[in-house]
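Me: I'm new to this structure and would like a close look at one part of it. Could you pick out the salt bridges and walk me through where they sit, then show me what else is worth seeing?

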Amino acid sequence: GRCRDSAQNMMAAPRAGGAMQHCGARRPCLARARRDASSGKTQRRGVIPSYRRVVECTSGATTRVTTQHVACERRRLFQAVAGLATLICGEGASCSPASASDWTAAVVDVQQTPTISADGDEDLLETLQEASGLFRQALEAATVEEEERVWSTIISEYGGIEQPWAIDAVSRAYGNRGNARSRQGKLMEALDDYNTSIRLAPYAVDPVLNRGVVMEALGEFEKACADYEAVLKAAPNDPAAWNNLGNAKGGLGKWKEAVTYYKRAATLAPDFSFAAANLAVAQYEAGDVNESLRELRALLRRYPGFDDARAALTAELWAQGLEGDAEANWERVEDVRYSDRVWLVQKRRWPPSVVNALENFLDLRSM
C-alpha cells in the first residue's frame with residue numbers, strides 16, 4: 001500500500017519505530033522517518049519532535065535528503081518526481097561539488113545524548129510546549145519554503161539559550177532545515193545546516209545520515225559511505241543506513257558489496273520495498289541472475305503495482321530470451337520515466353547491465 005499521510009515517513013526524520021511501508025507503486029519515494037527514541041529526545045512524553053530522516057529509495061543518484069520507506073509516522077511523505085538528485089537539486093538545477101569541501105568525518109556518540117526533563121519546572125514545561133508547537137507547525141507546513149521559514153524561526157528563538165534542552169532543539173531544527181533546503185536544491189546551505197546539527201548534537205545519527213544523501217547527490221560517494229558507516233557504528237540495525245550505503249557503493253561500481261548492504265536493509269525491514277528492489281538489481285549486476293529474478297517476482301507478488309520492480313523484471317526477462325513474459329510485464333508499467341535511459345542512469349541509478357537490458361528491449365520493441 002501507499003504511505004499514509006500521518007505525520008510521518010521521510011527517509012530522514014526522527015524515527016519512532018514500526019514496520020517500513022511500501023511508499024507507492026508508481027515511483028521511488030523518499031520518506032521521512034523518525035529518529036530512534038534512544039537518541040536525543042526529551043523525556044517529557046516527547047515534547048519536542050525529533051529529526052526528519054532522509055531515506056533513499058533509489059539505488060543511484062540519491063537524494064538522501066530524501067528518505068526511505070520507514071514507518072509512516074508523524075511526517076509528510078513526498079515522492080520524487082525524477083529521482084533523488086532531482087529532489088535535492090531540483091529539476092534542471094546543477095549540483096556543484098564545491099560544497100563537498102565543507103565535509104568532515106563524523107563520529108556519532110550516542111552516550112552523549114542529554115537527559116532532559118521538565119518535571120517540577122512549570123516554566124520550562126511551558127517553554128518546551130511552545131517549542132513543540134513550532135516544530136509541529138514546521139512539520140505540517142503547506143510548502144517547503146514555509147517549512148524552512150519556521151525552522152529558521154526556531155533557530156533564532158532558541159539559538160542563544162545555553163541549556164541542554166535548547167541546544168538539542170536547535171540541533172534538530174538545523175537538521176530539519178537542512179532537509180527542507182536540500183529539497184529545494186540549496187545543497188551548500190543544507191550542508192552547512194547538517195554540519196551545524198552534527199556539531200551541536202554529536203549523539204544524533206540523522207543529520208549524519210541526511211548529509212550522506214547530499215554527498216551522494218554531489219557525486220561524493222566515498223564521503224557518503226563514510227557518513228553511512230558512521231551511522232551504522234552507532235546504530236547497527238538502521239535499515240535506512242544499510243540501504244543508503246548500498247546506494248553509495250553502487251555509485252562506486254562496487255555492486256557485490258552493495259548486495260550485502262541491501263540484503264541487510266531488507267532483512268531488518270522486510271516491508272522496505274525499495275531495499276528489496278535495489279537488492280534485486282544489484283544481484284543481477286553481480287551475476288546472480290536467478291536470485292535476482294526470484295527476488296523481483298516475490299516483491300511483485302506483494303506489490304503488484306510496484307513499477308520499479310516490474311520494469312526491472314521486464315529487462316531481466318528480455319535478457320534471458322523470455323520475450324513474451326517481458327512484454328506482458330512491460331504492459332503493466334505505468335511510470336513513463338522507465339523509458340528514459342538518462343533518468344535510469346542519472347536519477348534512478350540502476351546498474352549498467354539492467355539499464356542496458358531494458359534499453360535493448362525498448363529499442364527492439366520500437367522497430
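Reply: Let's start with one residue, Lys 186, which is partly exposed, with a relative accessible area of 28%. Keep in mind that this is a predicted model.

Lys 186 has a partner: its side chain forms a salt bridge with Glu 148, and the closest N and O atoms are 3.1 Å apart. Now look at where the two come from. Lys 186 lies in the loop between α4 (164–183) and α5 (187–200), while Glu 148 belongs to helix α3 (residues 144–158), so the pair ties together parts that are 38 residues apart in sequence. Glu 148 itself is buried, at a relative accessible area of 11%. That puts a partly exposed lysine together with a buried glutamate.

Next, go to helix α4. Here Asp 168 and Arg 172 meet through their side chains in a salt bridge, with 2.7 Å from N to O. These two are four residues apart in helix α4, so about one helical turn separates them. Asp 168 is buried, with a relative accessible area of 2%, and Arg 172 is buried too, at 0%.

Then there is the pair Arg 302 and Asp 271, whose side chains meet in a salt bridge at 2.4 Å, N to O. Arg 302 sits in helix α11 (residues 289–302) and Asp 271 in the loop between α9 (255–268) and α10 (273–285), so this bridge links parts that are 31 residues apart in sequence. Both ends are partly exposed: Arg 302 has a relative accessible area of 43%, and Asp 271 has 25%.

Some of the bridges also share partners. Glu 148, Arg 177, Arg 181, Lys 186 and Asp 193 are joined that way into one network, which brings us back to the lysine we began with. Across the whole structure, a search finds 16 salt bridges.

Now for something else worth seeing: a pair of packed helices. Such a pair is described by the angle between the axes and the distance between them. Helix α12 (residues 307–319) and helix α13 (residues 323–330) pack at an angle of about 165 degrees, and their axes are 8 Å apart. That angle makes α12 roughly antiparallel to α13. The crossing of α12 past α13 is left-handed.

Who does the touching? On the α12 side you'll find Arg 310, Ala 311, Leu 313, Thr 314, Leu 317 and Trp 318, and they meet Glu 323, Asp 325, Ala 326, Asn 329 and Trp 330 in α13. Sorted by type, the residues of this contact come out as six nonpolar, two polar and three charged.

Zoom in on Thr 314, which has its place in helix α12. Thr 314 counts as buried, with 0% relative accessibility. Leaving aside residues up to four places away in sequence, Thr 314 touches Ala 326, Asn 329, Trp 330, Leu 358 and Phe 361.

Finally, step back to the whole protein. There are 15 helices and four strands. The protein has 367 residues, and 59% of them count as buried. As for contacts with a separation of 6 or more, 68% are between residues 24 or more positions apart.

Definitions and conventions. Residues are numbered from 1 along each chain as its sequence is written. This is a predicted model: local features need pLDDT of at least 70, side-chain atom pairs count only at pLDDT 80 or more; totals for chains, interfaces and linings use all residues. Side-chain values use heavy atoms; hydrogens and water are left out. Axes are lines fitted to C-alpha atoms, for helices over the stretch in contact, and angles run from 0 to 180 degrees between N-to-C directions. Angles under 35 degrees count as roughly parallel, over 145 as roughly antiparallel, 65 to 115 as roughly perpendicular and the rest as oblique. A crossing is left-handed if the near helix is turned anticlockwise from the far one by less than a right angle, and right-handed if clockwise. Contact means heavy atoms within 4.5 Å. Ala, Val, Leu, Ile, Met, Phe, Trp, Tyr, Cys and Pro count as nonpolar, Asp, Glu, Lys and Arg as charged, and the others, Gly among them, as polar. A salt bridge is a side-chain nitrogen of Lys or Arg within 4 Å of a carboxyl oxygen of Asp or Glu. Buried means under 20% relative accessible area, exposed over 50%, partly exposed in between (1.4 Å probe, protein chains only).
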